[in-house]
Amino acid sequence: MSELFDLPSDLQNSYFGLVALHLREALIPVLVGLLVALPVAQLCVRVRWLYAPVLWVTTVLYAIPSLAFFVILIDYTGLSELTVMIPLAVYSLVVLVPAIVDGVRSVPQETLAAATAMGFGPVRRYVQVQLPIAAPAIIAGLRVASVSSVSLVSVGMLIGNEGALGNLLNSGLTYNQPRLIWLSVVGTAVLALLVDAALIGLRVLLTPWMPRATRKNNARTLAVKEAAR
């Protein structure tokens, strides 16, 4: 069994070391994207005319092929993890900004009025009222962004073996070892499923007030909206 996970020495990592690297390169960009998307989305909610141009910009950036993005960044960040993670953070915005905007806009006006009457300022109202109510839509967006990021990390193998599990694809072809290719493909798919399951668990923990059927319907609705875009 141990032979299954034996890797060529030029990878400079064990299999589980590559798994940890893959998670780091995939999830840190999504977290950064979320931190950027939260204030941008709130600005779009408050200044409605900004939403269309912001969505246009994120869509245009998402349309840039990842390899082209890497080539542009190499002059500034070199052949490093950062070159892989920056495009992934940018790509996450096309999912996260609409998810947060839709979630925040779904908060009833009566709830906002009650929070204002209780003395909540704009920032406190956003953090303590709007975001918790919008949590199901936001986490649904995080699920899409995270699974996409886990998949795209593998492209980093094209810029100096910065693709984590994706590096196994190149090694499998170089050494004519299909075993390495399968380890890459299956490992990436399993990681995507585990990350998605973890986010579903997080959603359940954060929204105990929601009926189970409602949670499923909200996630399905957002998935349909993203597919339509």
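Two rings of Phe, Tyr or Trp form an aromatic pair if their centres lie within 6.5 Å, and planes over 60 degrees apart make the pair edge-to-face. The exercises below use a predicted model.

**Exercise 1. Find how many aromatic pairs the structure holds, and classify the pair of Y62 and Y91.**

Solution.
Step 1. The structure holds three aromatic pairs.
Step 2. For Y62 and Y91, the ring centres are 5.5 Å apart and the planes stand at 75°, so this pair is edge-to-face.
Step 3. Now place the two residues in the chain. Y62 belongs to helix α2 (residues 51-63) and Y91 to helix α4 (residues 81-105). With their positions 29 residues apart, the pair links distant parts of the chain.
Step 4. Compare the accessibilities with the cut-offs: buried means under 20%, and partly exposed lies between that and 50%. Y62 has a relative accessible area of 41%, so Y62 is partly exposed. Y91 has 6% relative accessibility, so Y91 counts as buried.

**Exercise 2. Classify the pair of F69 and Y91, and state which cluster these residues belong to.**

Solution.
Step 1. The centres of the two rings are 5.9 Å apart and the angle between the planes is 70°, which makes F69 and Y91 an edge-to-face pair.
Step 2. F69 sits in helix α3 (residues 66-77) and Y91 in helix α4, so the pair ties together parts that are 22 residues apart in sequence.
Step 3. Both F69 and Y91 are buried.
Step 4. Together with Y62, the residues F69 and Y91 form one aromatic cluster.

**Exercise 3. Describe how helix α7 (residues 167-174) is placed, starting from its buried residues.**

Solution.
Step 1. List the buried residues of α7: N167, L168, S171 and G172.
Step 2. Look down the helix axis. The buried residues of α7 fall within an arc of 130°, so they line one face of the helix.
Step 3. Turn to the face directed away from this buried side. There α7 carries the exposed residues L173 and T174.
Step 4. Find the packing partners. The buried residues of α7 pack against α1 (15-46) and α8 (178-206).
Step 5. Move past the end of the helix. N176 follows α7 and has a positive phi, near 55°.

**Exercise 4. Contrast S146, buried or exposed, with V185, buried or partly exposed.**

Solution.
Step 1. S146 is part of helix α6 (residues 122-152). Its relative accessibility is 4%, so S146 counts as buried.
Step 2. Set aside the neighbours within four places in sequence. S146 is then in contact with L27, V30, V195 and L199.
Step 3. V185 lies in helix α8. At 44% relative accessibility, V185 counts as partly exposed.
Step 4. V185 is one of the residues of a nonpolar surface patch, alongside W182, V186, V190 and L194. Together these residues have about 490 Å² of accessible area.

**Exercise 5. Summarise the protein as a whole: how many helices and strands are there, and what share of the residues is buried?**

Solution.
Step 1. The protein has nine helices and zero strands.
Step 2. Of its 229 residues, 44% count as buried.
Step 3. Take the contacts with a separation of 6 or more. Residues 24 or more positions apart account for 73% of these contacts.
Step 4. The protein exposes about 12000 Å², and carbon and sulfur atoms supply 69% of that area.

Note on methods: Residues are numbered from 1 along each chain as its sequence is written. This is a predicted model: local features need pLDDT of at least 70, side-chain atom pairs count only at pLDDT 80 or more; totals for chains, interfaces and linings use all residues. Side-chain values use heavy atoms; hydrogens and water are left out. Buried means under 20% relative accessible area, exposed over 50%, partly exposed in between (1.4 Å probe, protein chains only). Helices (H or I, at least four residues) and strands (E, at least two) are DSSP runs, numbered from the N terminus. The arc is that of the directions from the helix axis to the C-beta atoms. Contact means heavy atoms within 4.5 Å. Patches are made of residues with over 30% relative accessible area and no salt bridge: like charges are joined within 9 Å, nonpolar side chains (Val, Leu, Ile, Met, Phe, Trp, Tyr) within 5 Å. Accessible areas come from the Shrake-Rupley method with a 1.4 Å probe; for residues, only the protein chains shown count as cover. A salt bridge is a side-chain nitrogen of Lys or Arg within 4 Å of a carboxyl oxygen of Asp or Glu. Rings of Phe, Tyr and Trp (its six-membered ring) pair if their centres lie within 6.5 Å; planes under 30 degrees apart count as stacked, over 60 as edge-to-face and the rest as tilted.
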